[in-house]
Amino acid sequence: MRQFDYVRAASPSEAAHVASEASAKFIAGGTNLLDLMKLQVEVPDKLVDITRLSLKSIEEVGGGLRIGALVTNSDLAADERVRRDYEVLSRALLAGASGQLRNKATTGGNLLQRTRCGYFYETTARCNKREPGSGCDGREGFNRILAVLGTSESCIATHPSDMAVAMRALDAVVETLKSDGSTREIPIAELHRLPGATPQIETSLEPGELITAVRLPKPVEGVHLYRKVRDRASYAFALVSVAAIVRMDGGRIAEARLAFGGLGTVPWRDPAVEAALKGQAPSDALFAEAADLLLKDAKGFGDNDFKLELTRRTLPAVLHDATRGEN
Ligand SMILES: Cc1cc2nc3c(=O)[nH]c(=O)nc-3n(C[C@H](O)[C@H](O)[C@H](O)COP(=O)(O)OP(=O)(O)OC[C@H]3O[C@@H](n4cnc5c(N)ncnc54)[C@H](O)[C@@H]3O)c2cc1C
């Protein structure tokens, strides 16, 4: 057991201030961080407990919703407004983890959960994310669950969150508080960073920067779907998941918002795919073209090659259901 200090923050600004010191970590639900600490993958000197902060409400703001960072995944999925107006989010949340975990897991923690790559968790393996410069055993190793999009020489770890995928389709905005007291609004597309040569830097957040809320814009009209393909029906991460919001007009696709989990090193969205669908009449050929476009730069590493074919089947199936108005 490694020793660490424990501080219970009385206010968001105290939390951000205290956590700016070297190797401090916020703890919210603890469902990811505590596992990583037990394995000594994460070894913070200080835990800043944010669970008593008043960041637990869901408010209507500017026609959309403002979700406090400590709203649990269960409460968010069950919220009447989310179920009615942001169905894709409710569905994605309910596809994640288990009831027990969702009762503890928070909005901020879910966004910042770390990859489930086995080599990241195994401290005797080489992992550039855990130990920069050590190498990546995932590329040549057992990489069945790892990424095919957004990978680099240094890292092919998949981003694991279901919730973040739905939020990407919704163009959510992350509100933060920095240690100097200033605040920021970060479009979710800019929160998670591609691994490149520095896979240990996973987000655009600064040390001590606290997520205080996530804002959803006005409801997006259309059929909302979240399809998650996984090894078990529950309690399993996505092999491939698709968050889809599709609006039809006169038999043609007026707008398709599509985000993907299980494929990318970050929650994935590709504007070219959405542009190719816009204004078109649904057809098998169009859907196959969309999948090909999505996978244009995809690269399998052996065990995970099947994700390419799985995506070629899953995306057209989702588009088929969404354009028929069935869910
Ligand atoms: C068995 C199992 C199965 C799972 N299956 C799924 C699944 O299918 N889909 C899925 O999406 N997830 C799944 N999860 C992951 C789960 O959803 C996450 O562990 C959870 O959402 C993390 O939230 P938390 O509040 O517990 O975060 P914590 O563990 O408390 O924190 C996670 C990270 O976020 C940071 N953090 C937390 N809150 C803030 C904040 N407000 N501001 C800044 N930093 C913050 C912490 O410092 C830490 O680095 C699974 C987990 C387990 C254990």
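This short talk covers the ligand site, the domains, one pocket and one cavity of the structure shown above.

Good morning, colleagues. Please keep in mind throughout that the model is a predicted one.

Let me begin with the ligand. The shell around the ligand is made up of 33 residues, and Phe26, Gly30, Thr31, Thr106 and Asp162 are the closest of them. Sorted by class, the shell comprises 16 nonpolar, twelve polar and five charged residues.

Which backbone atoms approach the oxygen atoms of the ligand? For Phe26, a backbone N or O atom is found 2.6 Å from a ligand oxygen. Leu33 places a polar backbone atom 2.8 Å from an oxygen atom of the ligand, and for a polar backbone atom of Asn32 the distance to a ligand oxygen is 2.9 Å. As for burial, the ligand on its own would expose 980 Å², of which the protein buries 94%.

I turn now to the secondary structure around this site. Strand E2, spanning 24–27, helix H7, spanning 107–112, and strand E8, spanning 210–216, each contribute at least two residues to the shell. Phe26, already mentioned for its backbone contact, falls within the range of E2. Which element gives the most to the shell? That is H7, with four residues.

Next, the domains. The domain assignment of the protein lists domain 1, residues 5–51, and domain 2, residues 223–323. Between their centres, taken over C-alpha atoms, the separation is 36 Å. Why can the ligand be said to lie between the two domains? Domain 1 and domain 2 both give residues to the shell around the ligand, so the ligand lies between them.

Away from the ligand, I would draw attention to the second largest pocket, which holds about 160 Å³ of space. Its lining consists of Met1, Arg2, Gln3, Phe4, Leu34, Met37, Lys38, Gln40, Glu42, Val43 and Pro44. By class, that lining has six nonpolar, two polar and three charged residues.

Finally, the enclosed space. How many cavities of 30 Å³ or more does the structure hold? There is one. The volume of the largest cavity is about 70 Å³. Among the residues lining this cavity are Cys117, Cys127, Cys136 and Cys155, together with Tyr119, Phe120, Ile156 and Ala157. Arg126, Lys129, Asn128 and Ser154 also belong to the lining. In terms of class, the cavity lining counts eight nonpolar, two polar and two charged residues.

To close, I return to the ligand: 94% of its area is buried by the protein, and the ligand lies between domain 1 and domain 2. Thank you for your attention.

Definitions and conventions. Residues are numbered from 1 along each chain as its sequence is written. This is a predicted model: local features need pLDDT of at least 70, side-chain atom pairs count only at pLDDT 80 or more; totals for chains, interfaces and linings use all residues. Side-chain values use heavy atoms; hydrogens and water are left out. On a 1 Å grid over the protein atoms alone, a cavity is a set of points where a 1.4 Å probe fits but cannot get out, and a pocket is an open set with protein on both sides within 12 Å along at least five of seven lines; lining residues have an atom within 4 Å of a point. Grid points are joined across faces, edges and corners, and a volume is the space filled by probe spheres set on the points. Ala, Val, Leu, Ile, Met, Phe, Trp, Tyr, Cys and Pro count as nonpolar, Asp, Glu, Lys and Arg as charged, and the others, Gly among them, as polar. A residue is near a molecule or strand if one of its heavy atoms lies within 4 Å of it. A polar contact is a pair of N or O atoms within 3.5 Å; within protein, one must be able to donate a hydrogen and the other to accept it, and residues adjacent in sequence count only if both atoms are side-chain atoms. Accessible areas come from the Shrake-Rupley method with a 1.4 Å probe; for residues, only the protein chains shown count as cover. Domain bounds come from an automatic or database domain assignment.
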